[in-house]
Amino acid sequence: MTTTTGPHPTRRLILQGAASVALIGLGNLPFAAGPARAAANDKYPEEAFKQKSEADAIKALYGKTAEPSDKVKLDAPEIAENGGVVPVSVTTTLDKVTSISFFVAENPFALAASYKIPDGTIPGVANRLKMAKTTNVVAIVEADGKLFSATKEVKVTVGGCGG
């Protein structure tokens, strides 16, 4: 007959201890939180997201109008069979890009998404937008203090039966 005096380490106890030590150790590492803090401190453009018309939303977000540019490439389907998830993306060859935004003219609120682009980042974003009906999707790129745009009409079908 064997008797035990005190707790013997089990595999579970050893794993729990190792996990605790690892997590405590991670707390001491200097993570690069500078860009994350900067993004968290940006003011949310609440007024722009409340605007019904595309022109009003652009004015509320940027305060000026955009000019069409072939350096902004908007990729969106010509026909979207499901208006609930319309994939769109935008890339640009412009330098000094600071923001990229998507506008959907016939949606209840025109501004669908807006992104701040940090310095040194490749300027390109993708999203899935909800579209109420067939309309133009506009991508606006802010670069070097100026606005550039690209527009594409997306036909939204109901069950894939036509626009």
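Of the 163 residues of this protein, 29% count as buried. The structure is a predicted model. The protein contains 4 helices and 9 strands, and two of its loop residues, Lys96 and Asp144, have a positive phi without being glycine.

**Overall architecture**

- Along the sequence, the elements follow the order α-α-α-α-β-β-β-β-β-β-β-β-β.
- Among contacts with a separation of 6 or more, 61% join residues that lie 24 or more positions apart.

**Surface**

- About 11,100 Å² of the protein is exposed.
- Carbon and sulfur atoms supply 56% of that exposed area.

**Backbone at Lys96**

- Most residues other than glycine have a negative phi.
- Lys96 departs from this sign, with a positive phi of about 60 degrees.
- Lys96 is placed in the loop that links strand E4 (86-92) to strand E5 (97-104).
- Lys96 counts as exposed because its relative accessibility of 60% is over the 50% cut-off.

**Backbone at Asp144**

- Asp144 likewise is not a glycine, and its phi is positive, near 55 degrees.
- The position of Asp144 is in the loop between strand E8 (135-143) and strand E9 (146-156).
- The relative accessible area of Asp144 is 53%, which is over 50%, so this residue also counts as exposed.

Definitions and conventions. Residues numbered from 1 in each chain as written. Predicted model: local features only at pLDDT ≥ 70, side-chain atom pairs only at ≥ 80, totals over all residues. Heavy atoms only, no water. Helix = DSSP H or I, 4+ residues; strand = E, 2+ residues; numbered from the N terminus. Buried < 20%, exposed > 50% of the residue type's maximum accessible area, 1.4 Å probe, protein only. Contact = heavy atoms within 4.5 Å. Areas by Shrake-Rupley, 256 points an atom, 1.4 Å probe, with all protein chains shown as cover.
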